[in-house]
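Here are some exercises to work through with the model open beside you. Try each task before reading its solution.

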Amino acid sequence: MELVVRKVTLEDAEGITNVLNPIIVEGLFTVLDTTFTAEEEKEFIADFPERGVFTVALSEENTVIGFQNIEPFAQYTKAFDHVGIIGTFVCESARGQGVSKQLFESTFEFAKQKCYEKLFAYVRSDNERALAAYVRQGFEVVGTAKKHAKVRGEYVDEVLIEKFL
């Protein structure tokens, strides 16, 4: 699949919500439980941490088909400045076509430029596809947080994974 991966802009807000909201509504691949408007997403992008990394994957038609972001692990101490929390989302029609692989390649480079040394993620334990995608990119499982989230009244375990850049 021919696509472009670049840093996010405010103009990407609607495309991001078009990717994210169906995933939230489906309720199977994320612990997010509330959809977002394009305006809310614009605010999120505008307020995104300066040390953050936020990339989008665009199809040949220049449509957002996936995105990835890294936020600082904690801002209350400098002890975690080298650690970022990563999230990855790909629209259903583009899954299995290498979109996440290209996002990872680009995001890892931006993360190194922003002095991140380690990336950390929480992945739903029942999201085998996402977990496999992260493992293919060199992430290692470091544990499981039992009943870490409660989505639609059901507890969900989250697998904790990390990668050193």
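Strands are DSSP runs of E with at least two residues, and they are numbered from the N terminus. Keep in mind that this is a predicted model.

**Exercise 1.** Find where Lys147 lies, and describe its backbone and its exposure.

*Solution.* Start with the location: Lys147 belongs to strand β6, which covers residues 140-151. Next, look at the backbone: Lys147 is not a glycine, yet its phi is positive, at about 45°. Finally, take the relative accessible area, which is 55% for Lys147. Exposed means over 50%, so Lys147 is exposed.

**Exercise 2.** Now do the same for Cys115.

*Solution.* Cys115 sits in the loop that runs between α3 (99-113) and β5 (118-124). This residue is also not a glycine, and its phi is positive at about 70°. With a relative accessible area of 56%, Cys115 is exposed.

**Exercise 3.** Describe how helix α1 and helix α2 cross, and which residues meet there.

*Solution.* Begin with the geometry: the axes of α1 (residues 13-26) and α2 (residues 38-46) come within 8 Å and cross at roughly 110°. Angles of 65 to 115 degrees count as roughly perpendicular, so α1 is roughly perpendicular to α2. The crossing of α1 past α2 is right-handed. Then list the contacts: α1 contributes Ala13, Glu14, Ile16 and Thr17, which meet Ala38, Glu41, Lys42 and Ile45 of α2. Sorted by class, this contact has four nonpolar, three charged and one polar residue.

How values were computed. Residues are numbered from 1 along each chain as its sequence is written. This is a predicted model: local features need pLDDT of at least 70, side-chain atom pairs count only at pLDDT 80 or more; totals for chains, interfaces and linings use all residues. Side-chain values use heavy atoms; hydrogens and water are left out. Axes are lines fitted to C-alpha atoms, for helices over the stretch in contact, and angles run from 0 to 180 degrees between N-to-C directions. Helices (H or I, at least four residues) and strands (E, at least two) are DSSP runs, numbered from the N terminus. Angles under 35 degrees count as roughly parallel, over 145 as roughly antiparallel, 65 to 115 as roughly perpendicular and the rest as oblique. A crossing is left-handed if the near helix is turned anticlockwise from the far one by less than a right angle, and right-handed if clockwise. Contact means heavy atoms within 4.5 Å. Ala, Val, Leu, Ile, Met, Phe, Trp, Tyr, Cys and Pro count as nonpolar, Asp, Glu, Lys and Arg as charged, and the others, Gly among them, as polar. Buried means under 20% relative accessible area, exposed over 50%, partly exposed in between (1.4 Å probe, protein chains only).
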